[in-house]
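Please open the model in your viewer and keep the selection tool at hand, since this tour goes from one selection to the next and says what can be found at each stop.

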Amino acid sequence: MVQPIYLDYNGTTPHDPEVIAVMRPFLETEFGNPSSSHWYGIRPKRAVEAARRQVAGLLGCQPEEVFFTSGGTESNNHAIKGMARATQGKGRHLITSTVEHPAVLDVCRYLKQEGFETTFVDVDDAGMVSVDDLAAAIRPDTILISVMHANNEVGTVQPIEEIARIARQKGICMHTDAAQSLGKIAVDVQSMNVDMLSVAGHKLYAPKGIGALYVRKGMLPEKFCHGAGQEMGWRAGTENVMAIVGLGKACEMADRSLDHAGRHLKAMRDRLHTGLADGLVEMRLNGHLERRLPNTLSLSFKGLEANRILEEIGLEVAASAGAACHSDTVTLSHVLEAMRVPVEWAKGTVRFSTGRMTTAEQIDRAVAVVAKAVKRLGQLS
């Protein structure tokens, strides 16, 4: 059977062949513990530090400001819980947005049982946070602001630089989840002026189960994992050398080809959008028209159900739903709800996301498959 065309790169990315190549020795022969002082530990230790430099190079920071984690979720947990607990003597108020990933929203809700309070700032119809609304939410006891760089469902890119500038003026720690933006658009912690930034390897053609957290020098979040003192004493546990090396290579590749990759992603995304728009009337785009990730296309098909669309196209196109429709209920994504997308549109929302391996021929095939499915389901509804 021919594999479906993969248009779910925001869900996860394939491993790039160059990433696999640099990882292979650490699966086969370079098995040493990087904490060991003998010969077998030397090359793994050097490999980890080389990867740290590669990640720092993409982020525009110092290597000693990069800490390896098991992924974006852990990085978000480290950043928010760690800084909240470390600075609770100054206050117990946090600010985030209503469209964050659950790895931020659920952490903030969890901290309520420790006496922290979170303000969830609304977004506009394009999924954009208002800088003025966020500034108005700041209180004397606000200690942390966490707003994602780009939304994973609709691709809207938030005004992180402006938000971080306000946070810096108020002496508030600023964290951003950059899991979806890294490798697609420029991510530079100095120009963004953030204090902490989360990275997820599997969104970047690196393995699952590896990530990183940038922590600006001088920031001292509470240690999240205690033990033998790895990661400069901040996150204990023997390093996953193979995956770390893969993440480093993925960051190096993203750094050297960012402009080219961005143009390709956008060309494929727009080709898909234009192709579908030519034949489908009852379709709307979700997300900001201009401040949007170059690869992300969230489309709603009026009166249809997303799961039915995915069932119809599943053998030929892989994408994701923005709503789960059951016999008598419709569960919309919290992002679409926050954007106030009408239910008759939101329940038929499908997210397509292009990637480095996407081709024009694949896009044209996908257009034909999706358009046919939507027209057929529209006739049945």
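Begin by selecting helix 6, residues 160–170, which in this predicted model lies across strand 5 and strand 6 and runs at about 160 degrees to strand 6.

Next, select the sheet itself, an open one of seven strands in the order 2-8-7-6-5-3-4, with mixed pairing. Its edge strands are strand 2 and strand 4 (117–121), each of which pairs on one side only, and from one strand to the next the twist averages 20 degrees. If you zoom in on strand 3 (residues 93–97) and strand 4, you will find them paired in the parallel sense over five bridges, with Val121 of strand 4 as the bridge partner of Ser97. Now add helix 3, residues 72–86, which packs on the sheet and touches several strands, including strand 2, strand 3 and strand 7, its direction making about 160 degrees with that of strand 7.

Turn then to helix 2, residues 39–59, whose 21 residues should span 30 Å at 1.5 Å a residue, and whose end C-alpha atoms, 32 Å apart, agree with this. Among its buried residues are Gly41, Pro44, Val48, Arg52 and Leu59, and what covers the buried residues of this helix includes helix 1 (17–28), strand 2 (66–69) and helix 8 (241–256). Directly after helix 2 comes Gly60, with a positive phi near 80 degrees.

Which residues have the most contacts inside the largest nonpolar core? Select Leu59, Ile145, Met174, Val194, Leu197 and Leu247, which hold that place in a core of 61 residues; helix 8 contributes the largest share of this core, nine residues. Apart from it lies another core, of 28 residues, among them Leu7, Met268, Phe352 and Ala371.

For the last stop, display the aromatic rings, of which a search of the whole structure finds five pairs. The ring centres of Tyr6 and Tyr9 are 5.0 Å apart with planes at 65 degrees, so this pair is edge-to-face; Tyr6 is partly exposed, at 27% relative accessible area, whereas Tyr9 counts as buried at 5%. Phe67 and Trp234 form a tilted pair, 5.0 Å centre to centre with 55 degrees between the planes, and this pair links distant parts of the chain, since Phe67 sits in strand 2 and Trp234 in the loop between strand 8 and helix 8, 167 residues apart. Finally, add Tyr205 to your selection, as ring pairs link Tyr6, Tyr9 and Tyr205 into a cluster.

How values were computed: Residues numbered from 1 in each chain as written. Predicted model: local features only at pLDDT ≥ 70, side-chain atom pairs only at ≥ 80, totals over all residues. Heavy atoms only, no water. Helix = DSSP H or I, 4+ residues; strand = E, 2+ residues; numbered from the N terminus. Expected span 1.5 Å × (residues − 1). Buried < 20%, exposed > 50% of the residue type's maximum accessible area, 1.4 Å probe, protein only. Contact = heavy atoms within 4.5 Å. Core = buried A, V, L, I, M, F, W, Y, C linked by side-chain atoms within 4.5 Å. Pairing = 2+ DSSP bridges. Axes fitted to C-alpha atoms, helices over the stretch in contact; angles between N-to-C directions. Phe/Tyr/Trp six-rings, centres within 6.5 Å; stacked < 30°, edge-to-face > 60°.
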